[in-house]
Amino acid sequence: MTKLVKLKRDVKKYKWLLLMTVPGIIYLFINNYIPMYGVILAFKNYNYVDGIWGSPWAGWDNFRFLFNTEDAYIITRNTLLYNLVFITLNLILSVTIALLINEIKDKVISRFYQSTFLLPHIISMVVVAYLVFSFLNAENGLVNRLLLKWFSMDGISWYGEPKYWPFILVIVNAWKSVGYWSIIYFASIIGIDKEYYEAATIDGASKWKQMTRITIPLIMPVIITLTLLAVSTILRSDFGLFYQVPMNTGALIPTTQTIDTFVYRAMLQSGDVGMSTAAGLYQSVCCFVLILVANTAVRRINKQSALF
Amino acid sequence: MRELNLSKRIGPAMIHLFFWCFTIVSLVPFILIFMVSISSEDSIAQKGFSLFPNEISFGAYQFLFNDFTEIAKAYGVTIVATLVGTAVSLLITALFAYPISRAQLPFRRTISFYLFFTMLFGGGLAPWYITYVNMLGMKNTIFSMIIPNLLMGAFNVFLMRSFFASTIPESVIESATIDGAGELKIFFKIVVPLSLPIMATIGLFNTLAYWNDWYNCMLFIDNPDLYNIQYLMTKTLTNIQFLLAKSNSTAQVGELLAKMPRESVRMALAMIGVAPLLFAYPFFQKYYISGITSGAVKG
């Protein structure tokens, strides 16, 4: 009873603080919680006339259709494999770059490199699509013209051949995001106490030794944490990368379709709301489980960087 | 001894060489589309898209500036969405983050969890889209480029909350309360002025997110008059006629199409679309870098 009285008094005392959160609470309710409830559409045959509540139930039919076709396998495979390669390559490149930036003593030059490498990160995927197009356009693109000039090879129809796209998308992704990650790793390297290096230099440790014996072990918790968090979203993909960069080309779908592009195309291009919701729910549930697992792992390694 | 000196000098030189290569890789694509945008049509026919065109021509820009209304309209939409979106977003993010940074707030854990859960689970695209289109009637309104998904993200709220919790001294709030200031007054007169660095960081993140957004426009906008600059660029990349078809009759389109230096016009539009960001970048890169590093270190 006294607890309730205290709570009542607190609510009254802090009512303005509580009221401040109201716009945010309403926004989250609309933007996040109503759609969460909307996942019941995965179990319905949605039609626009009857709406979310009125549409007839379909049981597990949407999931059955999804997993009976090859689609479920292809989109899961593509999403997983792309992310595995992205995570590995980004990790190797960005840690290497961070270690090398740390070797540059001139602050101005170091700054210049950092902001140049970050530039690709701040532009939109639409602009990236233009940049890729200027290289890969069949008729005028830089790559085909150089192939012709240097190797007298015929041009390749890049936007018609799915087999090249895994490589193209990996390169584009690295180009866009390695600068970002290397700056984050560099920030954690700067945080290392300088005394370790002073002691190592006195003991005559080479630069290489200092890197492998001091820097890398000390940023290991950050590396592990960021990698585990990336693994927890391994079933999510950057929609822009897989939709804009291949210019939404039908011929490229076998190698560029991921769960996110499938969910979009099922809904807006085929109008199959039930199937789209089912695929989205499949993704959300897997991500939910993965993030709980990853967080437990992170908490074991480094309690402070755990999400919860 | 001499050998040691040499290796000491070779190491840094190799690093710089490596980084210069990387710098070139980062910048060349931008230089390429710029060079294409100022290449003459003959030059493109002969050499294709080249970093060193045979002949320079500003015809593509002249062509675009001749009928600038479409681009100006799209820029107008982007600017309005960015300004309004960033301002409102900053306000509701701060209004939410400040109370949950205060230890005494009743229901603090519940409210934080209500926010946090949105990071763990989502309903997916289809229910979200139907919520905005069917329940809220957002289709073909400028609000659909401001409100959906961009307005308040859990990540930014938590970033701001940890800033408030670590930099606003409890004693300042206490003494203001004793002086009779209400919570709203404390927030706007004391907390906000002390938090300008985090406001600038999150404002910058939001500005970039709104400026670069094409996704909401693609989902919610069918009316070409409401296209933002990113989506106008998307449309033009796949279909160059799109730029002309909007404001001209069919006969005029054919005529204009014959006169238009197509490839360079496309790239000129890309340059016009990306130029503001490229020019602004040197001025904000410092704040952006410190923003992403502070966010990552104190996750």
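Student: How many residues does helix H10 of chain A have, and what span should they give?

Tutor: Helices here are DSSP runs (H or I, at least four residues), numbered from the N terminus. The expected span of a helix is 1.5 Å times one less than its number of residues. Helix H10 (residues 165-190) of chain A has 26 residues, so it should span 38 Å; its end C-alpha atoms are 37 Å apart, which agrees. Bear in mind that this is a predicted model, in which local features need pLDDT of at least 70 and side-chain atom pairs count only at pLDDT 80 or more, while totals for chains, interfaces and linings use all residues. Residues are numbered from 1 along each chain as its sequence is written, and chains are lettered from A and ligands numbered from 1 in the order in which they are written.

Student: Where is the kink in H10(A) centred?

Tutor: The bend at a residue is the angle between axes fitted to the seven residues ending there and the seven starting there. In H10(A) a kink of about 40 degrees is centred on A:Ser177.

Student: Which residues of chain A does UniProt list as "transmembrane region"?

Tutor: UniProt positions are given in the numbering used here, feature names are shortened, and annotations may be inferred rather than shown by experiment. The unreviewed UniProt entry lists residues 16-34, 80-101, 113-136, 164-187, 214-235 and 280-298 of chain A. Residues 164-187 are 96% helix and 0% strand (strands are DSSP E runs of at least two residues), with end C-alpha atoms 35 Å apart. For residues 16-34 of chain A, the values are 95% helix and 0% strand, with 26 Å between the end C-alpha atoms. UniProt also places "domain: ABC transmembrane type-1" (unreviewed entry) at residues 76-294 of chain A. That span is 77% helix and 0% strand, and its end C-alpha atoms are 19 Å apart.

Student: How is each chain divided into domains?

Tutor: Domain bounds come from an automatic or database domain assignment. Chain A has domain 1 (2-37) and domain 2 (61-305), with their C-alpha centres 38 Å apart. For chain B, the assignment gives domain 1 (1-57) and domain 2 (58-299), and 33 Å separate the two C-alpha centres.

Student: How many residues are in contact between the two domains of chain B?

Tutor: Two residues are in contact if their C-beta atoms, placed from the backbone, lie within 7 Å. Ten residues of domain 1 of chain B are in contact with ten residues of domain 2 of chain B. On the domain 1 side, H1 and H2 of chain B are the elements that give two or more residues. H1(B) provides the largest share of that side, four residues.

Student: And how many residues of chain B are in contact with chain A?

Tutor: Here 76 residues of chain B are in contact with 75 residues of chain A. The elements of chain B that each supply at least two residues to this side include helix H1 (2-37), helix H4 (69-101) and helix H12 (229-238). The largest share, 14 residues, comes from H1(B). By class, the side of chain B that touches chain A has 50 nonpolar, 22 polar and four charged residues. Nonpolar covers Ala, Val, Leu, Ile, Met, Phe, Trp, Tyr, Cys and Pro; charged covers Asp, Glu, Lys and Arg; the others, Gly among them, are polar.

Student: Is A:Ser124 buried or exposed?

Tutor: A residue is buried if 20 or more other C-beta atoms lie within 10 Å of its own, exposed if 12 or fewer, and partly exposed in between, with C-beta atoms placed from the backbone. A:Ser124 counts as buried because it has 24 C-beta neighbours inside 10 Å. This serine sits in the loop between helix H7 (107-122) and helix H8 (125-136) of chain A. Not counting residues up to four places away in sequence, A:Ser124 touches B:Asn212, B:Trp214 and B:Gln230. B:Gln230 is itself one of the buried residues of H12(B), a helix that is mostly covered, with nine of its ten residues buried.

Student: Which residues have a positive phi without being glycine?

Tutor: Most residues other than glycine have a negative phi. Among the exceptions here, A:Ser152 has phi near 45 degrees and B:Asn140 has phi of about 55 degrees. A:Ser152 is in the loop between helix H9 (142-151) and H10 of chain A, and is exposed, with 7 other C-beta atoms within 10 Å. B:Asn140 lies in the loop between H6 and helix H7 (154-167) of chain B, and is partly exposed, with 13 other C-beta atoms within 10 Å.
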